[in-house]
Amino acid sequence: MTNPDEIPRKPTRILTAGEIEREIAGIRAGLEMGGVPFTAEAEAAARAVLNGEITGDEAIARGLAELNSRTAQ
């Protein structure tokens with residue numbers, strides 16, 4: 001099996017505001033069709049990733065940390 005880190009990636013690009021809104025709408029529709037709510041926190045994380053403010057890995061780590069802190073209480 002190929003190591004994912006060895007797969008060549010295209011250079012990143014800046015998305016327009018319209019492209020970001022379409023991506024957010026697609027994420028929301030996909031989650032809601034599957035019965036999963038698209039929370040404000042999830043939308044904020046998705047926007048941060050799409051704007052290039054954080055990576056997907058960072059967004060996942062933050063979400064897991066939030067879940068872990070809720071369950072630890």
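Start by selecting helix H2, residues 40-50, and look at the side where the buried residues of H2 pack against H1. Those buried residues are Glu43, Ala46 and Ala48. Keep in mind during the tour that this is a predicted model.

**Step back to the whole chain**

Now show the entire protein as a cartoon. You will find three helices and zero strands, and along the sequence the pattern reads α-α-α. The C-alpha trace spans about 40 × 30 × 25 Å along its principal axes. How does the radius of gyration of the protein stand beside that of a compact globule of 73 residues? The protein has 15 Å, whereas such a globule would have a value near 11 Å. If you colour by accessibility, buried residues make up 11% of the 73 residues.

**Select H1 and H2 together**

Next, show helix H1, residues 17-33, alongside H2. Their axes come within 10 Å and cross at roughly 140 degrees. That angle makes H1 oblique to H2. Turn the view until one helix lies in front of the other, and you can follow a crossing that is right-handed.

Which residues meet where H1 and H2 are in contact? On the H1 side, select Ile20, Glu21, Glu23, Ile24, Ile27 and Arg28. On the H2 side, their partners are Glu43, Ala46, Arg47 and Leu50. Colour this contact by class and you will see five nonpolar, no polar and five charged residues.

**Zoom in on Glu43**

Stay in H2 and centre on Glu43. Is Glu43 buried or exposed? Its relative accessibility is 19%, so Glu43 counts as buried, the cut-off being under 20%. Show its surroundings: setting aside neighbours within four places in sequence, Glu43 is in contact with Ile24, Arg28 and Phe38. Ile24 and Arg28 are among the H1 residues you selected a moment ago.

**Move along to Ala45**

Another stop in H2 is Ala45. With a relative accessible area of 25%, Ala45 is partly exposed. What does Ala45 touch, if residues up to four places away in sequence are not counted? Select Ile54 and Ala59 to see its contacts. Then draw a distance from the C-alpha atom of Ala45 to that of Pro11: the two are 34 residues apart along the chain and separated by 21 Å.

**Look at both ends of H2**

Before H2, pick Thr39, in the loop between H1 and H2. At 36% relative accessibility, Thr39 counts as partly exposed. A line between the C-alpha atoms of Thr39 and Asp57, which lie 18 residues apart along the chain, covers 19 Å.

Then go past the other end of H2 and select Gly52, which follows the helix. Check its backbone: the phi of Gly52 is positive, near 80 degrees.

**Finish at Asp5**

For the last stop, go to the segment before H1 and select Asp5. Where Glu43 was buried, Asp5 is exposed, with a relative accessible area of 74%. How far is Asp5 from Ala65 in space, C-alpha to C-alpha? The answer is 24 Å, with their positions 60 residues apart in sequence.

To end, return to your opening view of H2, and find Glu43, Ala46 and Ala48 once more, on the side that packs against H1.

Methods: Residues are numbered from 1 along each chain as its sequence is written. This is a predicted model: local features need pLDDT of at least 70, side-chain atom pairs count only at pLDDT 80 or more; totals for chains, interfaces and linings use all residues. Side-chain values use heavy atoms; hydrogens and water are left out. Axes are lines fitted to C-alpha atoms, for helices over the stretch in contact, and angles run from 0 to 180 degrees between N-to-C directions. Helices (H or I, at least four residues) and strands (E, at least two) are DSSP runs, numbered from the N terminus. Angles under 35 degrees count as roughly parallel, over 145 as roughly antiparallel, 65 to 115 as roughly perpendicular and the rest as oblique. A crossing is left-handed if the near helix is turned anticlockwise from the far one by less than a right angle, and right-handed if clockwise. Contact means heavy atoms within 4.5 Å. Ala, Val, Leu, Ile, Met, Phe, Trp, Tyr, Cys and Pro count as nonpolar, Asp, Glu, Lys and Arg as charged, and the others, Gly among them, as polar. Buried means under 20% relative accessible area, exposed over 50%, partly exposed in between (1.4 Å probe, protein chains only). The radius of gyration is taken over C-alpha atoms; the globule rule is 2.2 Å times the number of residues to the power 0.38.
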